[in-house]
Amino acid sequence: MANAYNQRGGRVAVTNSDEVVGCVPLPYFLVRTDFLLSISLLQFMANEGLVPSPDETLKRRSIVLRLEKIVQDWITKVAWQRKRPENGISNASAGVIIYGSYGLGVHNSESDIDALCFGPFFATMEEDFFIGLHNVLKSTSGVSKIHCVKDAKVPLMRFIFEGIAVDMPYARLPENVDMLSPMLPTSIDETTLKILSGVRVNKRILQLVPHLENFQSLLRCVKFWAKQRGVYGHLFGFLGGIHLAILSAFICQTSPDFCLSALVLKFFNTFANWPWPIPVVLQGNTIQVVRDVIEKGWMPIRMPCSPSECCQSNVTRSTFTRIMNEFLRGHKLTMGILQPDFEWVNLFEPYSNMYRQLYSRFLKIDLLACAKDNLGDWIGRVKSRFPSLILKLEEMNVLCDPNPTEYVDQHSGNVDSKKSVVFYWGLGTDRPMDINVTSLEKDFRSNLSSGYRGMPGKMKLSIVPASELPNIVQLPKTKRMEACWRVPEHDQYRMPNSFTG
Ligand SMILES: Nc1ncnc2c1ncn2[C@@H]1O[C@H](COP(=O)(O)OP(=O)(O)OP(=O)(O)O)[C@@H](O)[C@H]1O
Ligand SMILES: [Mg+2]
Ligand SMILES: [Mg+2]
């Protein structure tokens, strides 16, 4: 039984390595766990506020309808400005396609809306989208904090619309294009293909999963688990929504007749025993699994459409170890699913409850934005470079636990979380005092400033004992966000999309 991962990211004890890829067969009595357990899990998720209310659903729909109208009006104006022939103006069409967690139907009230804007070739990204549409949105009532993220793999506009964060990339498309076609890569350029990849992956996942509702419930459940256990967040080297979506789809495909509780059990069983770095590939993918293919990266997860690349990943030795130990914990707990004392709440116990007891020393990352940086660009910038800080520590032979929890130092008098944020990362080393923090900080600082055009703020690194960690206040369910602490994935606006950052 594989039951632990050591600090080097290697398995301590492994058997079952010759089993079918990624799965130890479940004992028969566990294959179809109780239907009632599935109901109690659904109830638990509803109680946690993971399922959006009808009002929230209506609000999102109305935002999308408003966006549709805005981009349609915009493209008509662009066609006119570009002196298109008269019928070209009336026929000019643009629209939005929803993808990401909202497109998969697994969002909650804290999720952003990922909305691809598509338009004809004559509407350019640089001028018409980033200037023209930007100005339109800026003057739209309900839209605030709009900014352009141009230098990303998927360039986009990011804004708040009626209180909900929106990520909007733009793609210029030929007319009547079939976005799912395997031939698409031959008919459009590479950048557009990257921009379309989110939409294509979502659509393919929805086609491939045998039972949509089970898939959605499983994904909601594992996203919540990953957030609670501190292993959600691509920028921190952990798993993002897309990774968990493909892992969940894989489980649903391999066990099409399982009920929800059995799927959860299978999820942990499978990925706690997965022979990484063999990639996880959905059945029906354009490229079939080749067992011996060793992909680059610690935890490769292949996207289910052509070109069949792996999802971009920041998983490192440190975070691989953390994720694997969480898979193993989940596996151990869910194996007891039929025990009378089994309770779902234990699976989701917040990791932050015991974080300070796990390490003797922490890397403290103090961030302070300058007064004029109202959009929180500086803090977003630093977070987008966290993967390089984790790697730098690893080069120094230090494994770390990059806890995504953000602390706002209430004693500093600055409780504006856009201006001042502190992170504490557990350090897995016996000799934390040997870490050369000055050189670490210098290297990280030069990484931060290279190519940054925004207003730089302050960044300070130090090593502190556990006693310096602020007390975490566990908030009541109805009031999750408060100035004293929070988990940044919920603050979608400020965090540059991991994929785009
Ligand atoms: N690392 C990545 N590799 C490939 N595609 C990615 C990656 N990160 C994001 N994307 C694409 O962008 C989409 C939106 O990403 P986003 O960060 O909003 O996460 P999400 O899955 O919507 O979850 P959340 O509910 O946290 O917003 C994803 O569904 C995916 O298609
Ligand atoms: Mg999203
Ligand atoms: Mg997003």
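**Exercise 1. The annotated pair**

Which residues does UniProt list for "binding site" in an unreviewed entry? Place them in the predicted model and classify their burial.

*Solution.*
Step 1. Take the record. The unreviewed UniProt entry lists D112 and D114 under "binding site".
Step 2. Locate D112. It falls in the loop between α5 (100–103) and β2 (113–119).
Step 3. Locate D114. Its place is in strand β2.
Step 4. Apply the cut-off: a residue is buried if 20 or more other C-beta atoms lie within 10 Å of its own. D112 has 23 C-beta neighbours inside 10 Å, so it counts as buried. D114 has 28 such neighbours, so D114 counts as buried.

**Exercise 2. A third aspartate**

A further "binding site" listing in the unreviewed UniProt entry names D112, D114 and D167. Determine how these residues lie in space, then place D167.

*Solution.*
Step 1. Compare sequence with space. D112, D114 and D167 are spread over 56 residues of sequence, yet they cluster in space. The largest C-alpha distance among them is 7.1 Å.
Step 2. Place D167. This residue sits in strand β5.
Step 3. Classify it. D167 has 24 C-beta neighbours inside 10 Å and therefore counts as buried.
Step 4. Check the contacts of D114. Leave aside neighbours within four places in sequence. D114 is then in contact with I98, Y99, G100, Y102, G103, D167 and G198. D167 is thus one of the contacts of D114.

**Exercise 3. A loop glutamate**

Describe the surroundings of E162, starting from its place in the chain.

*Solution.*
Step 1. Find the element. E162 lies in the loop between β4 (156–161) and β5 (164–172).
Step 2. Count neighbours. The partly exposed class falls between the exposed limit of 12 or fewer and the buried limit of 20 or more. E162 has 14 C-beta neighbours inside 10 Å, so it counts as partly exposed.
Step 3. List contacts. Residues up to four places away in sequence are not counted. E162 touches K59, I63 and G142.
Step 4. Add a distance. S141 is 21 residues from E162 along the chain, and their C-alpha atoms are separated by 8.6 Å.

**Exercise 4. Checking a helix**

Test whether the length of helix α17 (residues 437–449) agrees with its residue count.

*Solution.*
Step 1. Set the expectation. Helix α17 has 13 residues. The expected span is 1.5 Å times one less than the number of residues. That gives 18 Å for α17.
Step 2. Compare. The end C-alpha atoms of α17 are 18 Å apart, so the model agrees with the expected span.
Step 3. Look just past the end. After α17, G451 takes a positive phi of about 80°.

Key:
Residues numbered from 1 in each chain as written. Chains lettered and ligands numbered in written order. Predicted model: local features only at pLDDT ≥ 70, side-chain atom pairs only at ≥ 80, totals over all residues. Helix = DSSP H or I, 4+ residues; strand = E, 2+ residues; numbered from the N terminus. Contact = placed C-beta atoms within 7 Å. UniProt positions renumbered as here; feature names shortened; annotations may be inferred.
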